[in-house]
Amino acid sequence: MAKEKTAYQCSACGYETSRWMGRCPECGAWNTLEEQAPRVTAAAPAKAIKQRPGTGARAMRLDEIPEETASRATTGIAELDRVLGGGVVEGSLMLVGGDPGIGKSTLLLQASEHLARNGARVLYISGEESARQIKMRARRLGVLSENLFVLSENAMDAAERRWEEIAPDYMVVDSIQTMYRPDMASAPGSVSQVRECASMLMRMAKTTGCAVFLVGHVTKEGAIAGPRVLEHMVDVVLYFEGDRQHEYRILRAVKNRFGSVNELGIFEMRESGMSAVENPSELLLSARARNVPGSCVHCAIEGSRPMLVDVQALALQTAYGTPRRTANGFDTGRLALLLAVLEKRAGVSLFNQDVYVNIAGGLELCEPAADLSLCASVASSVRDACVPPDWAVIGEVGLAGEIRAVSQAERRLAECMRLGFQTAVLPRENARHLHAPQGMRVYGVETLAEALSILLG
């Protein structure tokens, strides 16, 4: 009888070894080596690996390639269409990731219903739920289309036979980590299985024109589980963010071959499913406290959309030798840099102050245009003075305390004016060449000290 051999495979890069190690010698990741099923070494001849033949296409000059505009189909959910760049492109492969219970399956089932109602054939393949469970959710969401087919299957060869019979226009695979190819010895969810199943779906999408949505699990760090090559293979990568205890969800595009990257969509989870939030600025400012020190309004640009957010800061005297710096929704390294500029260039004493920063609504502010609003919030809390509640603050802060120009200043001011903010503080370089909305007062500032003197008196 042949001896069974145990192998360990890295879930990050696919490296295989015969013994367990804490750190993968190939990619350097810790605790990623997972035990695979024992393999029996037999004397039988190995099967020849079947590879699909190439396309045999010839090389063409760039001017010989015909220009084709990708046709898009609306999903019936305005925020999802916005994040996708206008709709679903024919033959595209899209990956949707997020925490368990965040609403991925609910959103895709609602989109499938609208696509099927418009006459398209949609196949929903679930490797995690039975057909009865999917029908229970569909009844709750009001999904009743006759063109929506449901298949509860894990094996890719069986799923391939079904989609050849149905020939769908759109397909949802929930989730890619549960699918497997029976001709491979590794378990479902392993690096090789995820890679091969995704390759199979990509070939099918590109050859038949069927648009495919893949649902992906995430790790405890928030990244898509499985090999990194999965995100390289697909055309669109969407991340579902938010707290399951709250009703609001954020859908963010981190890769999109058919539209802008970092586009943002906001949804509200209701009993009837996901509901798109048409006006996120009003939502994010609805519970804002007025005339309270440590609060400042900033107009951020997320993708192609301007959004007003409440930047909050709390400073209090520390009880420890080293003051704490805590940020929620803002980079802690950037926060430390801005606090140093505040103390050196604006005379705000922070060496004995604990500083806590929060971006209300669960957003992540990455653009440098939020620097001035954060500095204003911290200085407001330290001096116990309020920033006027109907003022908006925009600007990037340099190490010398200068205020640098920002992009799309006119769009930001138009959004501020639409929500009733009639005064704005922004870089002087923007104010020189700016066509401000009628009735809006604009203060152009050059230094951080000048901005704080205007905002806090």
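Contact here means heavy atoms within 4.5 Å. This is a predicted model, with local features needing pLDDT of at least 70 and side-chain atom pairs counting only at pLDDT 80 or more, while totals for chains, interfaces and linings use all residues. Residues are numbered from 1 along each chain as its sequence is written, and side-chain values use heavy atoms, with hydrogens and water left out.

**Exercise 1. Find the surroundings of Val254.**

Task: Which residues is Val254 in contact with, leaving aside its neighbours within four places in sequence?

Solution:
- Start with the address: Val254 sits in strand β14, residues 248-256. Helices (H or I, at least four residues) and strands (E, at least two) are DSSP runs, numbered from the N terminus.
- Next, skip the neighbours within four places in sequence, and the contacts of Val254 are Val237, Tyr239 and Val261.
- Then check burial, where buried means under 20% relative accessible area, exposed over 50%, and partly exposed in between (1.4 Å probe, protein chains only). Val254 has a relative accessible area of 36%, so it is partly exposed.
- For a long-range reference, Arg23 is 231 residues from Val254 in sequence, and their C-alpha atoms are 29 Å apart.

**Exercise 2. Lay out the sheet that holds β14.**

Task: What is the strand order in the open sheet of nine strands?

Solution:
- Pairing first: two strands pair if DSSP finds at least two bridges between them.
- Reading across, the order is β10-β9-β11-β12-β8-β13-β14-β15-β16, with mixed pairing.
- At the edges you get β10 (148-152) and β16 (273-276); each has a single partner strand, so one side of each lacks a neighbour in the sheet.
- From one strand to the next, the twist averages 25°. The axes behind such angles are lines fitted to C-alpha atoms (for helices, over the stretch in contact), and angles run from 0 to 180 degrees between N-to-C directions.
- Zooming in on one edge, β15 and β16 run antiparallel and are joined by four bridges. Phe267 stands opposite Ala276 in β16.

**Exercise 3. Classify the aromatic pairs.**

Task: How many aromatic pairs does the structure hold, and what is the geometry of Phe240 with Phe267?

Solution:
- The criterion: rings of Phe, Tyr and Trp (its six-membered ring) pair if their centres lie within 6.5 Å; planes under 30 degrees apart count as stacked, over 60 as edge-to-face and the rest as tilted.
- The structure holds two such pairs.
- Phe240 and Phe267 are edge-to-face, at 6.0 Å centre to centre and 75° between the planes.
- That pair links distant parts of the chain, with Phe240 in β13 (residues 236-241) and Phe267 in β15 (residues 264-270), 27 residues apart. Both Phe240 and Phe267 are buried.
- For Trp391 and Tyr443, the ring centres are 5.4 Å apart with planes at 25°, so this pair is stacked.
- Trp391 belongs to β21 (residues 391-393) and Tyr443 to β25 (residues 441-445), so the pair ties together parts 52 residues apart in sequence.
- Trp391 is buried at 11% relative accessible area, whereas Tyr443 is partly exposed at 26%.

**Exercise 4. Look around β17.**

Task: Where is Ser295 placed, and is it buried or exposed?

Solution:
- Ser295 is in strand β17, residues 295-302, and is buried with a relative accessible area of 11%.
- Widen the view to the strand: eight of the eight residues of β17 are buried, so the rest of the structure largely encloses it.
- Ser295, Val297, Cys299 and Ile301 point one way from β17, and Cys296, His298, Ala300 and Glu302 the other.
- The partner is β18 (residues 305-317), paired antiparallel with β17 over eight bridges; Cys299 stands opposite Leu308.
- These two strands form a hairpin with two residues between them, and Gly303 in the turn has a positive phi of about 70°.
- Last, the side chains of Ser295 and Asp310 make a polar contact at 2.8 Å. A polar contact is a pair of N or O atoms within 3.5 Å; within protein, one must be able to donate a hydrogen and the other to accept it, and residues adjacent in sequence count only if both atoms are side-chain atoms.
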